[in-house]
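Visitor: Could you walk me through one part of this model up close? I'd like to hear about the place where the two chains meet, and what sits around the ligand there.

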Amino acid sequence: MEPGGKGCEDPGEEGVETRASMPAPHFQPAEQDPPPVREELVRLDKVKRIYRMGENIVRALDGVDLSIRRGQYWSIIGRSGSGKSTLLNVLGCLDRPSSGEYYLGGTNVSELDDDALSEIRGQRIGFIFQSFNLIPQLTVLENLEVPLFYQEHEPKVAKERAERYADRVGLKDRLHHRPNELSGGQQQRVAIARALMNEPLILLADEATGNLDSKTEMEILTLLDELHEEGMTVIMVTHSDKVADRAGHKLELRDGKILQITHHKKEDL
Amino acid sequence: MHRGSMIRTIRLGFKSLMLHKLRSALTMLGILFGVSSVIAMLSIGEGASYEAQERIKALGSNNIILESRKPPDDNNQQEQSAWRAQDYGLTYEDAELISETLPAVKVVIPIREIPKRVRYSETIVPTIVLGTVPGYSEVTGVKIKEGRFLSWIDLRRKRNVAVIGSEIARKLFRLENPLNKNIRIGKEIFRVVGQLAEPDRGNTGKAADRMRQGIFVPLSSAISFFGELIVKTSAGSREMERVQLHRIKVQVTGNDEVLGTGAAIRKIMADKHKKKDFAVIVPLELLRQAEDTKRIFNIVLGSIAGISLLVGGIGIMNVMLATVTERTREIGIRRALGAKRRHIIAQFLVETVVLSCMGGILGILLGVSIPAVVEWYSNITTIVSPAFPILAFGISAGVGILFGLYPAWRAAQMDPVEALRHE
Ligand SMILES: Nc1ncnc2c1ncn2[C@@H]1O[C@H](COP(=O)(O)OP(=O)(O)O)[C@@H](O)[C@H]1O
Ligand SMILES: [Mg+2]
């Protein structure tokens with residue numbers, strides 16, 4: 001199942017363990033001790049994402065190799081247009097690589113069809129966007145229930161879980177409000193709660209604080225830090241170095257290529 | 001999809017529609033008018049053809065009717081007609097020939113009609129005297145209210161007895177009992193032996209008219225009392241004609257024999273009457289024609305209703321395409337949160353079907369009330385068969401699916417990343 005170990009582009013780092021991945025482990029509470037060797041959740045092999053627009057060819061991702069282990073906290077940084085969102089979309093199975101392989105929890109998802117990708121998004125991925133992306137005509141509670149609706153959970157289970165995560169992000173009293181009745185920070189909290197609803201394998205945040213003032217930004221980042229500490233694998237895209245340095249592992253992109261990977265935190269490797 | 005999630009998808013559809021009440025209502029109107037016009041047209045068409053069929057059935061589907069017709073004459077005769085009586089029409093011989101040569105013929109009823117005035121004490125009423133035979137009552141289904149119909153003895157003895165129509169009885173006798181009263185027809189005295197019952201109100205055929213306005217006497221008496229010559233005076237001009245029989249009603253033994261016998265009679269008559277002074281009416285043929293007409297009528301009405309539904313459907317599709325574009329972002333969000341293409345299709349399809357079915361239900365209400373109003377204000381018969389609303393509802397749901405499919409498919413085909421980037 002595991003392809004031969006290949007190192008990241010970062011030269012100073014040790015190679016990737018060749019241990020076989022377990023099938024789809026779930027987000028686990030923090031009380032449990034982390035396993036001695038963390039399993040590999042994400043593995044990218046020469047992933048390219050190429051857009052052809054008539055004569056022009058845009059290499060949004062141009063041969064990315066990457067390995068991310070369970071429970072790690074990653075930031076992706078780079079200039080505008082360097083391919084950060086494209087990379088995150090590929091990682092979140094919203095987009096498919098033009099070439100190369102992507103293994104998520106051991107499954108080669110670059111070969112899956114649209115339905116299977118939807119299923120993976122619905123079961124293993126939590127998305128947080130810059131523009132919150134709540135559905136305006138639905139209440140907070142209804143927005144939270146959306147992901148579970150597609151997993152055909154019982155409405156009762158969905159409601160219970162929605163209340164739990166709304167409480168977790170401190171918005172239990174806003175369940176029946178509509179998104180436009182909330183501040184930006186509150187909306188992003190709802191979005192984070194929604195991303196947690198399916199108890200995902202990875203939380204992906206694309207410039208999650210880009211639309212927020214610095215005080216609110218801190219609150220949201222603190223929330224992400226806490227989630228990471230509780231054991232969640234978090235990957236966030238940002239263009240701010242200060243934000244990027246909060247993460248244990250920092251990936252710098254330029255023109256679709258990995259410029260550098262810095263491991264601030266080596267103990268979770 | 002689960003039943004539970006289907007219900008939730010329908011609720012979601014309602015909710016989205018309620019966000020744009022005016023738009024949804026206007027879109028619904030297209031279907032509403034389409035469906036109501038389907039029902040109204042079908043009901044009115046069904047009523048019209050029912051009436052036509054009833055009228056034909058009143059003639060008797062086992063009967064064949066021959067009528068005298070003034071021949072399409074040349075100019076010479078036209079000039080002479082003021083002076084000389086015109087000879088044409090069905091003859092006693094024709095009646096005999098038909099009765100004797102055609103095996104499927106059960107009864108032949110000769111009828112001679114003479115316009116006359118009838119008088120009882122001080123009251124004088126214009127009428128038509130029908131000289132006929134006793135079998136008339138069975139073949140045309142007249143009902144006796146009082147007394148009896150003509151008998152064979154009346155006929156053989158050329159008795160001066162009369163059976164009077166329901167309205168004539170009312171006009172001449174008012175509250176008196178007409179039985180055994182003597183009336184004067186022209187110059188002759190006849191004794192009333194029977195009075196006919198009033199035919200059904202809806203029955204407006206010729207036979208029914210005679211049952212109201214006519215006076216029935218034995219054919220033999222009619223000939224011997226009133227002669228062969230008929231003088232018609234109208235607006236100063238005088239017309240004389242010599243017609244033996246005005247009509248011959250032929251009853252055939254069975255339904256299967258009607259068309260063949262009709263053809264045979266046409267042939268016999270064409271050979272005998274070179275002047276074309278007759279007409280053969282086969283009610284069964286008319287019935288078949290009426291059925292054909294109805295079929296064509298239904299096709300035409302169906303096409304018109306279909307076009308209006310098509311327009312309604314296009315309206316729905318237009319609105320749904322706009323909705324899909326407007327909600328591109330929402331589609332992207334749902335896809336990112338795990339919605340499969342079929343979930344998106346279901347969401348928009350359900351919305352369209354909900355819209356068109358609501359339009360359909362309101363259209364049924366309107367469509368059922370239009371025939372009722374038409375019937376109230378005019379005497380047009382309408383028939384709302386229970387199949388129409390069911391059909392109409394089915395059509396509106398079908399229109400919803402048909403015209404919702406493309407917008408829903410478009411929504412489902414969107415690339416999630418593109419959709420999320422949409423402003
Ligand atoms: N749908 C697309 N069609 C063509 N080019 C695209 C498309 N999406 C992204 N790109 C290009 O790919 C490159 C990377 O985009 P993106 O990943 O959004 O960058 P970032 O998020 O780092 O700003 C950019 O040059 C962008 O113009
Ligand atoms: Mg971006």
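Guide: Sure. Keep in mind that this is a predicted model. Let's begin with the two chains: 26 residues of chain A are in contact with 25 residues of chain B. Together they bury about 2,500 Å², and carbon and sulfur atoms give 55% of that area. If you want a few side chains to click on, try A:Phe149, A:Tyr150 and A:Glu152, which supply 27% of the area that chain A buries against chain B, more than any other three residues.

There's a polar part to this contact as well. Between chain A and chain B you'll find 4 salt bridges. One of them joins the side chains of A:Asp114 and B:Arg341, with 3.3 Å from N to O. Counting residue pairs in polar contact, with both partners at pLDDT 80 or more, gives 11 between the two chains.

Which elements of chain A give two or more residues to the side that touches chain B? Those are α2 (114-124) and α3 (140-150). Of the residues on that side, α2(A) brings the largest share, with 6. Sorted by class, the side of chain A that touches chain B has 11 nonpolar, 8 charged and 7 polar residues.

Now for the ligand. Ligand 1 has 14 residues around it, and the closest are A:Gly81, A:Lys84, A:Ser85, A:Thr86 and B:Arg421. Since that shell draws on residues from chains A and B, the site is shared between chains.

Zoom in on the oxygen atoms of ligand 1 and you can pick out some short distances. A polar backbone atom of A:Gly81 is 2.7 Å from one ligand oxygen atom. For A:Ser82, a backbone N or O atom lies 3.3 Å from an oxygen atom of the ligand. With A:Ser85 it's the side chain that takes part: one of its N or O atoms is 2.7 Å from an oxygen atom of ligand 1. As for cover, ligand 1 on its own has 560 Å² of accessible area, and the protein covers 73% of it.

Finally, here's where the shell comes from. From chain A, β1 (40-53), β2 (56-69) and α1 (84-91) each supply at least two residues, and so does α15 (416-421) of chain B. The largest share belongs to α1(A), which provides 3 residues. By class, the shell around ligand 1 comes out as 6 polar, 4 nonpolar and 4 charged residues.

Definitions and conventions: Residues numbered from 1 in each chain as written. Chains lettered and ligands numbered in written order. Predicted model: local features only at pLDDT ≥ 70, side-chain atom pairs only at ≥ 80, totals over all residues. Heavy atoms only, no water. Contact = heavy atoms within 4.5 Å. Buried area = accessible area lost by both parts, 1.4 Å probe. Polar contact = N/O pair within 3.5 Å; in protein donor to acceptor, adjacent residues only side chain to side chain. Helix = DSSP H or I, 4+ residues; strand = E, 2+ residues; numbered from the N terminus. Nonpolar A, V, L, I, M, F, W, Y, C, P; charged D, E, K, R; others polar. Near = heavy atom within 4 Å. Areas by Shrake-Rupley, 256 points an atom, 1.4 Å probe, with all protein chains shown as cover.
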